[in-house]
Amino acid sequence: MRILITGHRGFVGRAFLRMLAPLMSGPNAAEVIGVDIVEGTDCRDFFKTCHDRFDLVIHLAAIIGGRLLIDGKPLSVADDLSIDAEMFQWALRTRPGNLVYFSSSAAYPVEKQMSPHSGLVESDIDLGRIANPDMTYGWVKLTGEYLASFAKEAGIKVFVFRPFSGYGADQDLDYPFPAFIKRAIERQDPFEIWGDGTQTRDFIHVDDIVRAVWAVVTDPADDIFRDCNPCNLCTGRETSFNELAKLVTRTVGYEPEIRHLRNMPQGVRYRHGNPERMLRFFKPRISLEEGIRQAIQSKRIRGSE
């Protein structure tokens, strides 16, 4: 099996490599090729010159960042449009066996995320009647889904996933979860939260994200996914940043004063998904509480090394 992972040095890419490690040795070892700008190769250049066919392509390469980058430098994220366009053109030439496209919950209409709701469902995005997604990053992912629809029409087997707030122990500090973990381990008091802290997210562990994807692409029939494409990757659990701070600080063992930085970006008000489609083939294994414990333990171990 030949597997290509673009952006393999990123947060989700590293999780895929950890999961695939047991398959990369032995007489029938999978051949895993990674392309990442961190190692000096722009995937757009790779797509222009590569003519190899892969059994599986997991496309993760993108310019991403936390809320500060999305809100503060929207044009820097817009480069992702050219990355996705080059990837789909390459896929049309080389015809990979399976192609995984990572969209995002940011692709959902902002208007559906400004008041309480029962959970965003895949049908809330209608490619025939576009509604404003979340900033340029949302537009990129929405455009990627649009391109994916044409690739499917051309006979490419494309799986589109919409992960919500993925988290894990080795995530970059630009994101809320690892930033909260760091503040708690340092026992910061007051404990800072951007905005008023009532904005909510749907946190799903990165290991559950990669396991869900793998459950689909390794199913020889994958009939069940035909009606689940695109598919949310989420838990359905709505957690506010104030609640996350309480969970993290209580796990460490202290109760700090909370300081809300109301002048900082906070994004949409309510973002959580309906996991009904995903639950047809995968059930998340790691609760938010367990994920917090794992992250704190990992940071403490690293801090003692």
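A salt bridge, as I will use the term today, is a side-chain nitrogen of Lys or Arg within 4 Å of a carboxyl oxygen of Asp or Glu. What we have in front of us is a predicted model, in which local features need pLDDT of at least 70 and side-chain atom pairs count only at pLDDT 80 or more, while totals for chains, interfaces and linings use all residues. Residues are numbered from 1 along each chain as its sequence is written, and side-chain values use heavy atoms, with hydrogens and water left out.

Let me start with the salt bridges. A search of the whole structure finds 18 of them. In one, the side chains of Arg14 and Asp170 meet at 2.9 Å, N to O. Arg14 lies in helix α1 and Asp170 in the loop between β6 (165–167) and α7 (176–185), so this pair ties together parts that are 156 residues apart in sequence. When I name helices and strands, I mean DSSP runs, numbered from the N terminus: H or I of at least four residues for a helix, and E of at least two for a strand.

How enclosed are these residues? I call a residue buried under 20% relative accessible area, exposed over 50%, and partly exposed in between, with a 1.4 Å probe and protein chains only. By that scale Asp170 is buried, with a relative accessible area of 18%, whereas Arg14 is partly exposed at 27%. Asp170 also meets the side chain of Arg18 in a salt bridge, at 3.3 Å, N to O. That pair, too, links distant parts of the chain, because Asp170 sits in the loop between β6 and α7 and Arg18 in helix α1, 152 residues apart. Arg18 counts as partly exposed, at 43% relative accessibility. Together, Arg14, Arg18, Asp170 and Asp207 are linked in a network of salt bridges.

Elsewhere, Arg277 forms a salt bridge with Glu122, their closest N and O atoms being 3.6 Å apart. Arg277 lies in the loop between β12 (258–261) and α10 (288–304), and Glu122 in the loop between β4 and α6 (135–153), so this pair ties together parts 155 residues apart in sequence. Glu122 counts as buried, at 7% relative accessibility.

Now to the interior. In soluble globular proteins, nonpolar side chains tend to be buried together. A nonpolar core, for our purposes, is a set of buried Ala, Val, Leu, Ile, Met, Phe, Trp, Tyr and Cys residues joined through side-chain atoms within 4.5 Å. The largest such core here has 31 residues, and those with the most contacts inside it are Phe16, Val100, Phe102, Phe161 and Phe281. Among the elements that give two or more residues to this core are α1 (11–20), β4 (98–102), β5 (158–163) and α8 (206–217). Which element gives the largest share of this core? That is α8, with eight residues. A second, separate core of 21 residues includes Phe46, Cys50, Phe54 and Met87.

Let us stay with α8 for a moment. Nine of its 12 residues are buried, so α8 is largely enclosed by the rest of the structure. The buried residues of α8 include Val206, Asp208 and Trp214.

The strand β5 is mostly covered as well, since six of its six residues are buried. In a regular strand the side chains alternate between the two faces of the sheet. In β5, Val158, Val160 and Arg162 point one way, and Phe159, Phe161 and Pro163 the other way. Two strands pair, in the sense used here, if DSSP finds at least two bridges between them. β4 and β5 pair in the parallel sense over four bridges, and the bridge partner of Val100 in β5 is Phe159. β5 also pairs with β10 in the parallel sense, over three bridges, and there the bridge partner of Arg162 is Asn232.

Finally, the aromatic rings. Rings of Phe, Tyr and Trp (its six-membered ring) pair if their centres lie within 6.5 Å, and planes under 30 degrees apart count as stacked, over 60 as edge-to-face and the rest as tilted. The structure holds 14 aromatic pairs. Phe47 and Trp90 form a tilted one, 5.2 Å centre to centre with 35 degrees between the planes. This pair links distant parts of the chain, with Phe47 in helix α2 (residues 43–49) and Trp90 in helix α5 (residues 80–94), 43 residues apart. Phe47 is buried, with a relative accessible area of 1%, and Trp90 is buried, at 0%. Phe88 and Tyr101 form another tilted pair, 5.7 Å centre to centre and 45 degrees between the planes. Tyr167, Phe177, Phe180, Phe191, Phe203 and Phe241 form one aromatic cluster.
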